[in-house]
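Visitor: I'd like a close look at one part of this protein, and then a walk outward from there. Could you take me through it slowly?

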Amino acid sequence: MDTNRYYKNPFMDYSSVTGYNIVDIDNNTIDDNFKSLLTSKINEFMKILEKNDKIWYSNNDYSTYTGLAGIAYIFYHYGKYYNNSAYVTKAMELLEKCIAEFKSRHEITFLTGIVGPLSLTAIMLHSQQKEEQANQLILRLKSFSVYILDKHNDISNELLYGRTGYLAALLYINENISPLCIEADLIRKVGSCIINSGITYASSNHSQSPLMYSWHEKEYVGGAHGLSGILYLLLQARHYLTQEQIDKYIKPSLYYLQGLQFSSGNFPSSIRNQSDRLVQWCHGAPGMSGLFCLAYKVFRDDAFLKTAIQCGEVTWERGLLRKGYSICHGVAGNGYTFIRLFQQTKDIKYLYRACKFAEWCFHYETHQNRSPDRLFSLFEGLAGVIYFLLDVQQSHIAKFPTYDIKI
């Protein structure tokens, strides 16, 4: 393992003494003193974000991942949490610009394509009872399915750029708009297309897993580009899939993935890669914890929960990354490991750990060896840190943005 990638964790682990003024044992929640610290830092960081609007306006990036739609996402999240309609209005203005300016027709995922701004705007319009306008955007979003389902198109299947990223958008719409406006048949077709593609690739490449995928000629394992991210979204779409698809393909693929875990608790970044280096959401244990928590919830196999807990241990040990604070490949994203474990186990130790990772983020830019390319973005920069800190305040219902949808 590469000890130059992370700081030695300086925090004492949870006890009734170390948890004082941080977690409230009696109510299994955050102590009011720590919540006040979170609120103070969130407001401080929001002022910095808003002050630098010329920078994030000038990037000509309209994606949720690193662009203007991601800034809109945090404005919306902040506005909802603090019941501040001005931020929701600002989010809508930003998203309208994203939809108008987005150029590429082939980037069809929630994170990197126009699908993200379309989904977020439709949900906001629905919340304002502007159903006709929302439906127009949803129709536009659904029209991409022709491209997605065309087997002759060279589309990957991973979350960041592929079919799974489109599936995430469909699930997100239905989770946030009622009555459901994405037909079950469409979600079923997209899910089946992803599964069938994985079966074909696994068979032709003699994979030991019944489902396998490649991106840029590598069989990635992690959340952003790999098998775990695909399985996680398929599990969240399980009510649209057949029992055979779940039992014959998804479940044994989970067991295969589980078998790749290092003794440290971490996972490789790709198949046949034995380097125990990366401990971050996009590659490594932090992106796996949510998957195996959900697998335990669905299948009630204790081995899945054990795997998720081992992910938590290595993230606690090696998750304070020198690379920075982002939710994609930094400390904030790693903090979601403990939020998901807390939600699954109700063990306050994990809430305490999430708070300590949040405390590390209070010192934004102090402990990092390089600045991100998109300094204020949702997945690489300050907006994502703010999103995480907001979610720590509401850990019982927190969701990793665009990844935890229907858990």
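Visitor: Which side chain does K189 meet in a salt bridge?

Guide: That would be D185: the two side chains come together in a salt bridge, 3.3 Å from N to O. Keep in mind that this is a predicted model. Both partners sit in helix α9, which covers residues 184-204, and they are four residues apart, about one turn of the helix. K189 has a relative accessibility of 44%, so it counts as partly exposed. D185 comes in at 38%, so D185 is partly exposed as well.

That bridge stays inside one helix, but the next one links distant parts of the chain. E219 and R272 meet through their side chains in a salt bridge of 3.1 Å, N to O. E219 is in the loop between α9 and α10 (227-236), while R272 is in the loop between α11 (243-258) and α12 (285-299), 53 residues apart. The two ends have quite separate surroundings: E219 is at 10% relative accessibility and therefore counts as buried, whereas R272, at 68%, counts as exposed.

Now for K406 and E175, whose side chains form a salt bridge at 3.3 Å, N to O. K406 lies in the segment after α16 and E175 in helix α8, so this contact ties together parts that are 231 residues apart in sequence. K406 is partly exposed, with 34% relative accessible area, and E175 is partly exposed too, at 33%. Over the whole structure, the search turns up 13 salt bridges. There is also a network of them, which links D13, E313 and R353.

Helix α8 leads us to the aromatic rings. Y172 of α8 (residues 163-176) pairs with Y73 of helix α3, so the contact joins parts that are 99 residues apart in sequence. Their ring centres are 6.4 Å apart with 65° between the planes, an edge-to-face arrangement. Y73 is buried at 3% relative accessibility, and Y172 is buried at 10%.

Helix α3 has another ring to show you. The centres of the W56 and F75 rings are 6.0 Å apart and the planes stand at 90°, so this pair is edge-to-face. W56 belongs to helix α2 (residues 53-57) and F75 to helix α3 (residues 68-81), with their positions 19 residues apart in the chain. W56 and F75 are both buried. The whole structure holds 35 aromatic pairs. One aromatic cluster is made up of Y65, Y232, W281, Y336, F379, F388, F400 and Y403. A charge meets a ring as well: R322 lies over the face of Y7, at 4.2 Å from the ring centre.

Stay with α3 and α8 for a moment, as they also help to frame the largest pocket. Its volume is about 360 Å³. There are 19 lining residues, and H77, K80, Y387, I397 and K399 are the closest to the pocket centre. Helices α3, α8 and α16 (382-393) each bring at least two residues to this lining, and α3 gives the most, with five. By class, the pocket lining has ten nonpolar, four polar and five charged residues.

What about enclosed space? The search finds two cavities of 30 Å³ or more. The largest cavity holds about 80 Å³ of space. It is lined by 13 residues, and the closest to its centre are W281, P286, G290, R340 and Y403. Two of those, W281 and Y403, are familiar from the aromatic cluster. The elements giving two or more residues to this lining are α12 and α14 (331-345). Six of the lining residues of the largest cavity are nonpolar, five are polar and two are charged.

The second largest cavity has a volume of about 30 Å³. F110, L111, L159, G165, A168 and T402 line it. That lining divides into four nonpolar and two polar residues, with no charged ones.

To come back to your starting point: the K189 and D185 bridge sits within helix α9, while the K406 and E175 bridge reaches across 231 residues of sequence.

Note on methods: Residues are numbered from 1 along each chain as its sequence is written. This is a predicted model: local features need pLDDT of at least 70, side-chain atom pairs count only at pLDDT 80 or more; totals for chains, interfaces and linings use all residues. Side-chain values use heavy atoms; hydrogens and water are left out. Rings of Phe, Tyr and Trp (its six-membered ring) pair if their centres lie within 6.5 Å; planes under 30 degrees apart count as stacked, over 60 as edge-to-face and the rest as tilted. Buried means under 20% relative accessible area, exposed over 50%, partly exposed in between (1.4 Å probe, protein chains only). A charge sits over a ring if NZ of Lys or CZ of Arg is within 6 Å of the ring centre and within 35 degrees of the ring normal. On a 1 Å grid over the protein atoms alone, a cavity is a set of points where a 1.4 Å probe fits but cannot get out, and a pocket is an open set with protein on both sides within 12 Å along at least five of seven lines; lining residues have an atom within 4 Å of a point. Grid points are joined across faces, edges and corners, and a volume is the space filled by probe spheres set on the points. Ala, Val, Leu, Ile, Met, Phe, Trp, Tyr, Cys and Pro count as nonpolar, Asp, Glu, Lys and Arg as charged, and the others, Gly among them, as polar. A salt bridge is a side-chain nitrogen of Lys or Arg within 4 Å of a carboxyl oxygen of Asp or Glu.
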